[in-house]
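Hi everyone, thanks for making time this morning. I'd like to walk you through one structure, a piece at a time, so have a look at the screen and stop me whenever you like.

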Amino acid sequence: MDTNPLGTDLPEGVRFIGPEVDWESGWATGDAPSTADLNACVACGLCLPHCPTYRLTGEESASPRGRITAMRAVHEGRAATDETFARFMDLCLVCRACEDVCPSHVPFGRMMEAARTQIEPLRSRRALFVRWLGLDVVLPSKKLTWLAGSLAPLARPFMPRRIRALIPRGGGEPFARLPHATEPEGEVRGSVALLSGCVQDRWFRRVNRATIRVLARKNMAAFASVDHVVVNAAGCGSHMQAYGDLAEGTALPVRDLMEFLHETGVIGDTGSLPELTRVAYHDACHALRAQGIHDQPRQLLGEIGNLELVEIPNGDRCCGAAGLYNITEPEMSGRLMREKAEAVVSTGAAVVASGNPGCTMQLLAGLAEIGKTVDVVHPIELLDAATR
């Protein structure tokens with residue numbers, strides 16, 4: 001009986017797949033995909049048909065499996081975080097559609113965030129400056145966000161066509177303010193904090209106003225001893241729910257608006273629209289994938305009189321907004337945007353309900369590009385209109 005260890009009789013130069021002898025990781029200091037997360041992927045390929053970028057390109061490097069392979073190569077010291085690696089990571093939407101179908105429950109979104117932390121220093125000084133100015137200086141400041149939004153109409157003619165198409169026309173309500181507090185109708189049993197947001201409040205303040213009106217009318221549920229932070233933008237809600245993962249003691253009782261209203265018993269008292277309206281519901285990736293929200297908004301909208309709710313073909317596919325993706329990857333984002341816009345039009349819906357401002361801007365731009373007029377609103381606006 002041969003007692004030699006497995007693999008010792010392989011031909012010279014041949015070895016099992018895995019790290020080289022005396023390997024050293026290629027990751028720089030800081031956050032990086034962990035060994036456990038990388039090893040969770042068994043490269044089965046079930047994720048491939050669900051990945052938007054793989055479906056459009058057919059390239060392995062544009063699939064979750066390909067990206068994990070690239071991460072593993074860097075982790076094992078067989079590759080570097082160079083421009084090629086950065087390109088693989090940048091092309092990903094991080095829509096997390098792959099996570100829904102992965103039998104091994106690979107935390108791909110978490111791995112992508114860590115990998116992108118590694119490639120950030122590779123960007124040009126100009127790119128780093130623009131990101132710093134926009135994300136670290138302007139967006140965190142209400143005054144600067146207001147100023148940037150107010151100047152947008154003047155700057156619109158000088159913007160690239162793609163960015164110009166994404167910015168909603170009209171100035172919103174530049175000089176209006178949301179009330180500091182709104183008293184509920186009925187017995188007060190708790191308080192709800194509303195995240196006004198940056199893009200949501202600047203361009204879609206009507207959504208915040210509708211949210212306040214509906215919450216004030218329906219704030220009858222007991223909240224025990226914990227107040228809720230209600231968020232009406234899926235991307236913001238998803239990120240805020242992960243605060244507890246960043247540092248101990250930072251977790252917040254964050255709830256998505258539609259999920260919150262569904263659980264507090266709005267169903268059965270949602271009123272009716274003035275006339276029969278066909279509405280298509282758009283699933284934002286950060287709601288569907290990251291928060292597992294699917295049935296709640298549909299059930300709420302389904303209770304509104306004179307509202308015919310229809311599904312968008314392949315509605316679980318990303319619209320291509322994905323944060324800044326529609327700006328940093330305009331070609332790929334544009335293809336996904338047109339796919340989504342054409343799918344919306346095929347439903348014959350007069351209205352699309354979208355629970356994320358980034359998706360709303362993408363849908364408006366896509367519908368305008370193919371010359372179709374469909375109203376894009378937040379689901380709360382439909383509930384508000386029905387109950388008013």
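Which residues does Ser 354 touch, not counting residues up to four places away in sequence? Before I answer, please keep in mind that this is a predicted model. Now the list: Ser 354 touches His 282, Cys 359, Thr 360, Leu 363, Val 376, Val 377, His 378 and Pro 379.

So where does this serine sit? Ser 354 belongs to strand S6, which covers residues 351-354. Its relative accessible area is 1%, and under 20% counts as buried, so Ser 354 is buried. Its side chain also has a polar partner, since it reaches the backbone oxygen of Asn 356 at 3.3 Å.

The rest of strand S6 is worth a look too. Both of its faces are covered: on one side you have Val 351 and Ala 353, on the other Val 352 and Ser 354, and all of these are buried.

Let's zoom out to the sheet. What is the order of the four strands in the open sheet? Reading across, it goes S5-S4-S6-S7, and the pairing is parallel. At the edges stand strand S5, residues 305-311, and strand S7, residues 375-377; each has a single partner strand, so one side of each has no neighbour in the sheet. From one strand to the next, the twist averages 35°.

Now the pairings themselves. Strand S4, residues 272-282, is joined to S5 by six bridges, and here Ala 280 stands opposite Val 310. S4 is also joined to S6, through four bridges, with Tyr 281 having Ala 353 as its bridge partner. Then S6 pairs with S7 over three bridges, again in the parallel sense. Ala 353 turns up here as well, with Val 377 in S7 as its bridge partner. You'll remember Val 377 from the contacts of Ser 354.

What packs around this sheet? One helix to find is H20, residues 379-387, which lies across S4, S5, S6 and S7 and runs at about 165° to S4. Another is H16, and let me stay with that helix for a moment. Which residues of H16 are buried? They are Gln 296, Pro 297, Arg 298, Leu 300 and Leu 301. For the bench people, note that this list includes an arginine and a glutamine along with two leucines. The cover over these buried residues includes helix H14 (257-263), strands S4, S5 and S6, and helix H20.

On to the nonpolar cores. In soluble globular proteins, nonpolar side chains tend to be buried together. Here, the largest nonpolar core has 22 residues, and those with the most contacts inside it are Ile 68, Met 71, Phe 85, Met 89, Phe 108 and Met 112. Three helices each supply at least two residues of this core: H3 (64-75), H4 (83-90) and H6 (108-119). H6 gives the most, with five residues.

Take Phe 108 as an example. Leaving out residues up to four places away in sequence, Phe 108 touches Pro 64, Arg 67, Ile 68, Met 71, Cys 92, Cys 98 and Glu 99. There is also a second, separate core of 21 residues, which includes Ala 210, Val 279, Tyr 281 and Leu 383. Tyr 281 is the residue we just met as the bridge partner of Ala 353.

Last topic: aromatic rings. How many aromatic pairs does the structure hold? There are two. One is Trp 27 with Phe 85, an edge-to-face pair at 5.9 Å centre to centre with 65° between the planes. Trp 27 lies in the segment before helix H1 (35-40) and Phe 85 in helix H4, so this pair ties together parts 58 residues apart in sequence. Both residues are buried.

The other pair is Phe 129 with Trp 132: the ring centres are 5.8 Å apart and the planes are at 40°, so this one is tilted. These two are three residues apart in helix H7, residues 125-138, which means about one helical turn separates them. Are they buried or exposed? Phe 129 is partly exposed, with a relative accessible area of 47%, and Trp 132 is partly exposed as well, at 45%.

That's my tour, so over to you for questions.

Definitions and conventions. Residues are numbered from 1 along each chain as its sequence is written. This is a predicted model: local features need pLDDT of at least 70, side-chain atom pairs count only at pLDDT 80 or more; totals for chains, interfaces and linings use all residues. Side-chain values use heavy atoms; hydrogens and water are left out. Buried means under 20% relative accessible area, exposed over 50%, partly exposed in between (1.4 Å probe, protein chains only). A polar contact is a pair of N or O atoms within 3.5 Å; within protein, one must be able to donate a hydrogen and the other to accept it, and residues adjacent in sequence count only if both atoms are side-chain atoms. Contact means heavy atoms within 4.5 Å. Two strands pair if DSSP finds at least two bridges between them. Axes are lines fitted to C-alpha atoms, for helices over the stretch in contact, and angles run from 0 to 180 degrees between N-to-C directions. A nonpolar core is a set of buried Ala, Val, Leu, Ile, Met, Phe, Trp, Tyr and Cys residues joined through side-chain atoms within 4.5 Å. Rings of Phe, Tyr and Trp (its six-membered ring) pair if their centres lie within 6.5 Å; planes under 30 degrees apart count as stacked, over 60 as edge-to-face and the rest as tilted.
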